[in-house]
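Reader: I have just opened this entry and would like some help finding my way around. Could you walk me through it, one feature at a time?

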Amino acid sequence: MFMVGQGERVLAIGPHEDHHCPRCDEVRPFEPQLRYKFGEFDLLFGFVYDKRYQLACTQCNHGWLLDTRLTERELGRIPIPLRLRFGFVVLLVLVAGLGAAAYAIKAGP
Ligand SMILES: [Zn+2]
């Protein structure tokens with residue numbers, strides 16, 4: 001049986017930086033974050049959507065979006081589990097493989 005789940009994660013990806021926060025109207029520490037949503041099937045195969053990098057005020061969560069390509073280049077890696085990043089591809093390959101096997105059996109010698 002398939003179990004389907006979904007969730008959202010926020011990861012800190014660097015040291016805090018001080019910026020003036022327009023909402024707090026004060027200089028606050030801002031945290032660079034990666035926020036993403038994900039879905040998963042059977043807790044094994046997953047996929048990521050709505051991924052974004054942001055700089056968020058640690059007090060009120062107000063913040064700015066960061067440029068994805070630039071941020072990933074600076075990070076040098078994408079801090080999302082491989083299972084979620086490529087799980088869906090693995091699932092598709094498995095399904096395609098099973099489909100091909102079933103076809104081969106049905107077609108017979
Ligand atoms: Zn703030």
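**Reading the model step by step**

Author: Let us begin with a single residue: leucine 91 touches Phe41 and Phe45, once residues up to four places away in sequence are set aside. Here two residues are in contact if their C-beta atoms, placed from the backbone, lie within 7 Å. This is a predicted model, in which local features need pLDDT of at least 70, side-chain atom pairs count only at pLDDT 80 or more, and totals for chains, interfaces and linings use all residues. Residues are numbered from 1 along each chain as its sequence is written.

Reader: What does the pLDDT of the protein chain average?

Author: The general idea is that pLDDT gives the predictor's confidence in each residue, from 0 to 100. The protein chain averages 90, and 96% of the residues score at least 70. Confidence is lowest in α2, with a mean of 86, and highest in strand β2 (residues 17-21), at 96.

Reader: How many helices and strands does the protein chain have?

Author: Helices (H or I, at least four residues) and strands (E, at least two) are DSSP runs, numbered from the N terminus. In the protein chain there are 2 helices and 5 strands. Their order from the N terminus is β-β-β-β-β-α-α.

Reader: What radius of gyration does the protein chain have?

Author: The radius of gyration is taken over C-alpha atoms, and the globule rule is 2.2 Å times the number of residues to the power 0.38. For a compact globule of 109 residues the value would be near 13 Å, but the protein chain has 20 Å. Along the principal axes, its C-alpha atoms fill a box of roughly 75 × 30 × 15 Å.

Reader: What share of the residues is buried?

Author: A residue is buried if 20 or more other C-beta atoms lie within 10 Å of its own, exposed if 12 or fewer, and partly exposed in between, with C-beta atoms placed from the backbone. By that count, buried residues make up 13% of the 109 residues in the protein chain. As for contacts with a separation of 6 or more, 53% are between residues 24 or more positions apart.

Reader: Why does the end-to-end distance of α2 agree with its number of residues?

Author: The expected span of a helix is 1.5 Å times one less than its number of residues. Helix α2 (residues 82-107) has 26 residues and should span 38 Å, which agrees with the 36 Å between its end C-alpha atoms. There is a bend of about 35° at phenylalanine 88, where the bend is the angle between axes fitted to the seven residues ending there and the seven starting there. Of the 26 residues of α2, the number buried is 1, so the helix lies largely in the open. Just after α2, glycine 108 takes a positive phi of about 65°.

Reader: Which residues does the UniProt annotation "transmembrane region" cover?

Author: UniProt positions are given in the numbering used here, feature names are shortened, and annotations may be inferred rather than shown by experiment. The annotation, from an unreviewed entry, covers residues 86-105. Over residues 86-105 the chain is 100% helix and 0% strand, with end C-alpha atoms 29 Å apart. Leucine 91, our starting point, is in helix α2. Leucine 91 counts as partly exposed because it has 17 C-beta neighbours inside 10 Å.

Reader: Which residues is glycine 39 in contact with?

Author: Glycine 39 lies in strand β3 (residues 26-41). Leaving aside neighbours within four places in sequence, glycine 39 is in contact with Gln6, Gly46 and Phe47. The C-alpha atoms of glycine 39 and phenylalanine 88 are 9.5 Å apart, with their positions 49 residues apart along the chain.

Reader: Where is aspartate 25 found, and what is its phi?

Author: Most residues other than glycine have a negative phi. Aspartate 25, in the loop between β2 and β3, has a positive phi of about 55° although it is not a glycine. With 8 C-beta neighbours inside 10 Å, aspartate 25 counts as exposed.

Reader: What value does phi take at aspartate 50?

Author: Phi of aspartate 50 is near 60°, a positive value in a residue other than glycine. Aspartate 50 belongs to strand β4 (residues 45-57) and counts as exposed, with 9 C-beta neighbours inside 10 Å.
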